[in-house]
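Visitor: Hey, could you walk me through this one? I'm new to looking at structures, so plain words please.
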Amino acid sequence: MRLACFLAVVCGVSLRNIATIFTVLFRIPVSKSSVKRWIDTIGSSLPSEEEILKQLLELKKTNQCHIDGYYPMGTNNCVMVIKDESDRILITHEAASENGDDAIQFLQKIKECGMTVISAFSDYSDSYVKAITEVFPDAKFQADHFHTAKNIWKNLKKCLLEYRRNLKAEGEKNKDEDMLEIASELWKLRWILLKKPSNLTENEREKIEALEKRDSGFISKFRSIIGQIANIFGLVQFSRREGNSFG
């Protein structure tokens, strides 16, 4: 029963897959409905969401919150989550979607439990902005670290590719072989150029320095901006594989 709850609640494994694991690994044939009953049995002894939130607030008062939405595997519903500045999960709320009305009801619930929010963080979702403004009108709203960094990365990448595209067009127009070679090199090194300076290998650093000597000055300015942003956010690396965001 405990293993089933751990797999479903903590790891987000679907009920069908949990039943398969029990059957194949432990030779215990179970159905999805049996797993669901086990989870409900353990959950029935827990305090309500509101009671848990009140106990958490008694342990440590908080007036900052991070609101986000997740879609767990094996379900069709959204689970909205409120965390505090220490990344404690304070309360969750299952809803059909992340629309404005559901988000407003969720924030209203934490307000009724005694939580007063003066600073709120979220993604760029209009629903969350509207909900925070309506329930906590005096709260300051700010896009969270992840989505801010992701947005910056996206625009830097766009700027780099646009410069390369214009350089190639200008080279073709003027039949300038040097410009065309630089444009080709920019394409080959595009992911390296988006790396945090401290994460570059010696070979990568040499390639960038060689390109900077041939370029009109854009690359050196671009790399300077990358270094400044990395210092501001304390980022480890621009990651191509992690959702086009800062790693």
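Guide: Sure. Let's begin with a term: a residue counts as exposed when its relative accessible area is over 50%, and as buried when that area is under 20%. Also keep in mind that this is a predicted model.

Visitor: Okay, so is Lys 175 buried or exposed?
Guide: Lys 175 is exposed, because its relative accessibility is 70%. You'll find Lys 175 in the loop between α7 and α8.

Visitor: What's its phi like?
Guide: Lys 175 has a positive phi of about 55 degrees, even though it is not a glycine. For background, most residues other than glycine have a negative phi.

Visitor: Which other loop residue has a positive phi like that?
Guide: Arg 27 is one of them: its phi is near 55 degrees, and it isn't a glycine. Arg 27 sits in the loop between α2 and α3. With a relative accessible area of 70%, Arg 27 is exposed too.

Visitor: Back to those helices. How do α7 and α8 pack?
Guide: Helix α7 covers residues 145-174 and helix α8 covers residues 177-188; their axes are 8 Å apart, at an angle of about 155 degrees.

Visitor: So what do you call that arrangement?
Guide: Roughly antiparallel, because angles over 145 degrees get that name, and so α7 and α8 are described that way. The crossing of α7 past α8 is left-handed.

Visitor: Which residues make the contact?
Guide: On α7, they include Leu 160, Leu 161, Tyr 163 and Leu 167. On α8, Met 179, Leu 180, Ile 182 and Trp 187 are among them. Sorted by class, the contact of α7 with α8 has 10 nonpolar, 1 polar and 4 charged residues.

Visitor: And what about α2 and α3, at what angle do they cross?
Guide: Roughly 100 degrees, with their axes coming within 8 Å. Angles of 65 to 115 degrees count as roughly perpendicular, so that is the word for α2 and α3.

Visitor: Who's touching whom there?
Guide: From α2 you get Leu 15, Arg 16, Ile 18, Ala 19 and Phe 22, and from α3 Lys 32, Val 35, Lys 36, Trp 38 and Ile 39. By class, the contact of α2 with α3 has 7 nonpolar, no polar and 3 charged residues.

Visitor: I clicked on Ile 21. Where is that?
Guide: Ile 21 is in helix α2, which spans residues 15-26. At 28% relative accessibility it counts as partly exposed, because that value falls between the buried and exposed cut-offs.

Visitor: Which residues does Ile 21 touch?
Guide: Setting aside neighbours within four places in sequence, Ile 21 is in contact with Leu 7 and Phe 26. As for Ile 118, it is 97 residues away along the chain, and the two C-alpha atoms are separated by 45 Å.

Visitor: New topic: the sheet. What's the strand order?
Guide: It's an open sheet of 5 strands in the order β3-β2-β1-β4-β5, with mixed pairing. The edge strands are β3 and β5, each pairing on one side only. From one strand to the next, the twist averages 20 degrees.

Visitor: Remind me, how do strands pair in general?
Guide: Strands of a sheet pair through backbone hydrogen bonds, either parallel or antiparallel.

Visitor: Which way do β1 and β4 run?
Guide: Strand β1 (residues 64-70) and strand β4 (residues 119-122) are parallel and joined by 3 bridges. Cys 65 stands opposite Ala 120 in β4, and His 66 stands opposite Phe 121.

Visitor: And on to β5, how many bridges does β4 have with it?
Guide: There are 4 bridges between β4 and strand β5 (residues 140-143), and that pair is parallel. Phe 121 stands opposite Gln 142 in β5.

Visitor: What about β2 and β3, parallel or antiparallel?
Guide: They're antiparallel, over 6 bridges. One facing pair is Cys 78 and Ala 95 in β3. These two strands form a hairpin with 5 residues between them, and Asp 87 in the turn has a positive phi of about 70 degrees.

Visitor: Last one: which strands does α6 lie across?
Guide: Helix α6 (residues 126-135) lies across β1, β2, β4 and β5, and it runs at about 145 degrees to β1.

Note on methods
Residues are numbered from 1 along each chain as its sequence is written. This is a predicted model: local features need pLDDT of at least 70, side-chain atom pairs count only at pLDDT 80 or more; totals for chains, interfaces and linings use all residues. Side-chain values use heavy atoms; hydrogens and water are left out. Buried means under 20% relative accessible area, exposed over 50%, partly exposed in between (1.4 Å probe, protein chains only). Contact means heavy atoms within 4.5 Å. Axes are lines fitted to C-alpha atoms, for helices over the stretch in contact, and angles run from 0 to 180 degrees between N-to-C directions. Angles under 35 degrees count as roughly parallel, over 145 as roughly antiparallel, 65 to 115 as roughly perpendicular and the rest as oblique. A crossing is left-handed if the near helix is turned anticlockwise from the far one by less than a right angle, and right-handed if clockwise. Ala, Val, Leu, Ile, Met, Phe, Trp, Tyr, Cys and Pro count as nonpolar, Asp, Glu, Lys and Arg as charged, and the others, Gly among them, as polar. Two strands pair if DSSP finds at least two bridges between them.
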